[in-house]
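Biologist: Could you take a close look with me at how charged side chains pair up in this model? I would love one connected walk through that part.

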Amino acid sequence: MKKLLLASLLSAVSFASSATIVEVSTSQGVIKINLFDQKTPKTVENFMSYLDDAAYNQTVIHRSVKDFIIQGGGFTYSDDFDRITTKPAVINEPIYSNVKGTIAMAKLGGNPNSATSQWFFNLKDNSANLDVQNSGFTVFGQITDDSQATLDKIAALVHCGEIPVVGITTEQCLKSDVTISNANLVTIQSVLVIDDDPNSAQNLTPAKNTLISQVVPPSQKEDSSGSMAWLLGALLLVLPRLKRAK
């Protein structure tokens, strides 16, 4: 019996660790992501470790910037934004370009190897900036064509600062006594493996990061979409205006 149980557990681990296509179910629709297991193995392994722990379930999309990025993987929300437990940072793997429809790891400004749980979707071609800034942001997957509609839906929501919300108007966002609850946020209900073939990305043609060896222009040395400093700034500006739901 113990041997059978151990074999079952090992099989489950093997299935998860070799996953290539995952499905992110959000309150605004589904996003399917083809992971680049073979070219960004450390990053995919890191992402999958959070998935295996169900750490992304019931988290929220905490940042959305028009024509730039949509970011998640860092917070749940109850009476306030609560950070999820993070694991040791993963090494940077800037192989592919931050073009539209890709998912990349967020990280601390000035620290290339600081990515933990947070990630972002590129809403447009951000390669000129994010492929070089902070030693390049690691792109580790690409969404399916039919998933773009969900990202567009999130991007089109009312935003309180950089936080996309539902059931709250732009005018209410500007008031000091606006009440927010989990129902007003874009939630990630689950992230599940739907294809465990590590070779399923072979037919994709992701753009290579060809800018990584170039010097970053002075105008692009500010914190990027993946920067925790930027994220904290956005939250600190918005949260004082949002009255916690009782």
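How many salt bridges does a search of the whole structure find?

Modeller: Happy to! Keep in mind that this is a predicted model. Searching the whole structure turns up two salt bridges. As background, side chains of opposite charge can pair when their charged atoms come close.

Let's start with Asp53 and Lys87, which form a salt bridge whose closest N and O atoms are 2.6 Å apart. This pair links distant parts of the chain, 34 residues apart: Asp53 sits in the loop between helix 2 (41–52) and strand 3 (59–60), while Lys87 belongs to the loop between strand 7 and strand 8 (102–105). Lys87 has a relative accessible area of 29%, so this residue counts as partly exposed.

The other salt bridge joins the side chains of Arg63 and Glu162, at 2.6 Å from N to O. Here too the pair links distant parts of the chain, with the two positions 99 residues apart in numbering. Arg63 is in strand 4 (residues 63–65), and Glu162 lies in the loop between strand 11 (158–160) and strand 12 (163–165). Because its relative accessible area is 1%, under the 20% cut-off, Arg63 is buried. Glu162, in contrast, is partly exposed, because its relative accessibility is 23%, and the partly exposed class runs from 20% to 50%.

Notes. Residues are numbered from 1 along each chain as its sequence is written. This is a predicted model: local features need pLDDT of at least 70, side-chain atom pairs count only at pLDDT 80 or more; totals for chains, interfaces and linings use all residues. Side-chain values use heavy atoms; hydrogens and water are left out. A salt bridge is a side-chain nitrogen of Lys or Arg within 4 Å of a carboxyl oxygen of Asp or Glu. Helices (H or I, at least four residues) and strands (E, at least two) are DSSP runs, numbered from the N terminus. Buried means under 20% relative accessible area, exposed over 50%, partly exposed in between (1.4 Å probe, protein chains only).
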